[in-house]
Amino acid sequence: MSALTFDIKGFFDFVNHQHLLTEMQSRRIPLEYLKWTANFLDNREAAICIDGTRGDSKSVKNGIPQGSPVSPILASFYSAGLLEVFQDKAIFSTPTNLEADKPSDIGILIYVDDGKLTVSLSSIVTNNTLLAKAYKVVDQWLWKAGLVPDQDKRELMHYTRRKKCGDPATYIELTERDRSISKILVTPSIRWLGIHFDRKLLFNHHVKKISTKAEAALGCIAMLSNTVQGLSHLNLRTLYRICILPIMTYASAVWWTKKEAHAKALSQIQNRALRIICAAFKTTPIQALEIEAAIPPIHLHLDYLERKAGIRLNRLSIANPVIHRLPTAWTQTENSAPRQETNPSPKGNTQLIRVAAHAAHTHEQVFSFLLPPW
């Protein structure tokens, strides 16, 4: 499978109010919600503050406030038209010289201002051709919507599980709006929605990145752990759980596969944090510190988050779009009977949970569902 990721530059700032209301009206949103949205966007002002000095407020005619919990919902309505474009298969008809490769349908994923185009077949050259064609459609739609893609944040990746898959050192040529040609090279890993995806989906690079980031944050906490005038053990534990642990476990249902190397890299950071929290010597057994600080081993915490994600998926209705993107095995129970429309409790159904976790790992389509709520 090949994937081309792109980012919409200043998405929240360039949302056109009238176009947004028109899009909502075309989708038969009730009139009271349209009026509420119009009032929410009307009479908005913004001011620039530099070094504590605030400038004059000026009226804002475009854009939606990025910090509001309503903004992601409005942004979804604004970009819904792009998803509908890709439902028209006639636009993306396969060229005659590529029909022999039998490529899959071109897919698109959008999460606020982050997008991804995907296509799957054995020929990398064909993948690049179809992705370039799909990106041109995306660029044209963004131009009509008053949006611009960020040319510096486009990345190309060819995924494969084969041990001998050849050299992926290739590039894709994209036609810009000024008719210039840009070359997007394949990189060892790409970052999308906070996760670093490598070619074989081993996530070694991702664990290395989060380990470095967590270690830097832990160094800041260590400066506050003076045993004479520093923070108490309880406050240090709280800082670790709300500042360090989320960095190491962000979207872990996607990348956690119980690999010992990943657990070892993260355990080293947690072990250092335990010694800081408990003000213990380096020779103190880690098991004793885990009990004293009431912090479980990192691999058990990751298993807990994986199971929690599986239970969350298991409680969804079979009509939910997320369920439709999971493997067929997810809609079956252990005795091969179809799932009911009601949302059943797992009740120890570990097989379904494993399927959910595996699907979350191999199918990036459900990744946006696993993200923390806005």
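**Entry 1: a first pair**

Which side chain does Lys 258 meet in a salt bridge? I looked it up in this predicted model, and the partner is Asp 303, at 3.6 Å from N to O. I then checked where the two sit. Lys 258 is in the loop between helix H7 (252-255) and H8, while Asp 303 belongs to helix H10 (residues 298-314), so this pair ties together parts that are 45 residues apart in sequence. Lys 258 counts as partly exposed, because its relative accessibility is 47%. Asp 303 also has a place in my notes as partly exposed, at 23%. I noted that a residue must be under 20% to count as buried, so Asp 303 at 23% does not make it.

**Entry 2: the whole chain**

I stepped back to see the setting. The chain has 374 residues, and 42% of them count as buried. I found 13 helices and 13 strands in its secondary structure. About 21400 Å² of the chain is exposed, and 54% of that comes from carbon and sulfur atoms. I also looked at contacts with a separation of 6 or more: residues 24 or more positions apart make up 66% of them.

**Entry 3: more salt bridges**

How many salt bridges does the count come to? I got 6. A friendly reminder to myself: side chains of opposite charge can pair when their charged atoms come close.

One of the bridges joins the side chains of Glu 84 and Arg 27, at 3.1 Å from N to O. Glu 84 is in helix H3 (residues 71-85) and Arg 27 in the loop between helix H1 (17-26) and H2, so the bridge ties together parts 57 residues apart in sequence. I have Glu 84 down as partly exposed because its relative accessibility is 42%. Arg 27 counts as partly exposed too, at 22%.

Another bridge brings together Arg 177 and Asp 139, with 2.9 Å from N to O. It links distant parts of the chain, 38 residues apart: Arg 177 is in the loop between strand E10 (171-175) and strand E11 (181-185), and Asp 139 is in helix H4. Is Asp 139 buried or exposed? I found it buried, with a relative accessible area of 8%. Its partner Arg 177 is partly exposed, at 38%. I looked up the contacts of Asp 139 as well: leaving aside neighbours within four places in sequence, Asp 139 touches Pro 149 and Arg 177.

**Entry 4: the nonpolar cores**

Next I went looking for the nonpolar cores. The largest one holds 79 residues, and the members that touch the most others are Leu 117, Phe 197, Met 248 and Trp 255. Which helix gives the most to this core? I traced it to helix H8 (residues 260-278), which supplies 8 residues. I also came across a second, separate core of 5 residues, with Leu 313, Val 322, Ile 323 and Leu 326 among them.

**Entry 5: a closer look at Leu 41**

I finished with one residue, Leu 41, in helix H2 (residues 31-41). Leu 41 counts as buried because its relative accessible area is 3%. What does Leu 41 contact, leaving aside its neighbours within four places in sequence? I listed His 17, Leu 20, Gly 63, Ile 64 and Leu 74. I checked Gly 63 further: Leu 41 and Gly 63 are 22 residues apart in sequence, and their C-alpha atoms are 8.3 Å apart in space.

Conventions:
Residues numbered from 1 in each chain as written. Predicted model: local features only at pLDDT ≥ 70, side-chain atom pairs only at ≥ 80, totals over all residues. Heavy atoms only, no water. Helix = DSSP H or I, 4+ residues; strand = E, 2+ residues; numbered from the N terminus. Buried < 20%, exposed > 50% of the residue type's maximum accessible area, 1.4 Å probe, protein only. Contact = heavy atoms within 4.5 Å. Core = buried A, V, L, I, M, F, W, Y, C linked by side-chain atoms within 4.5 Å. Areas by Shrake-Rupley, 256 points an atom, 1.4 Å probe, with all protein chains shown as cover. Salt bridge = Lys/Arg side-chain N within 4 Å of Asp/Glu carboxyl O.
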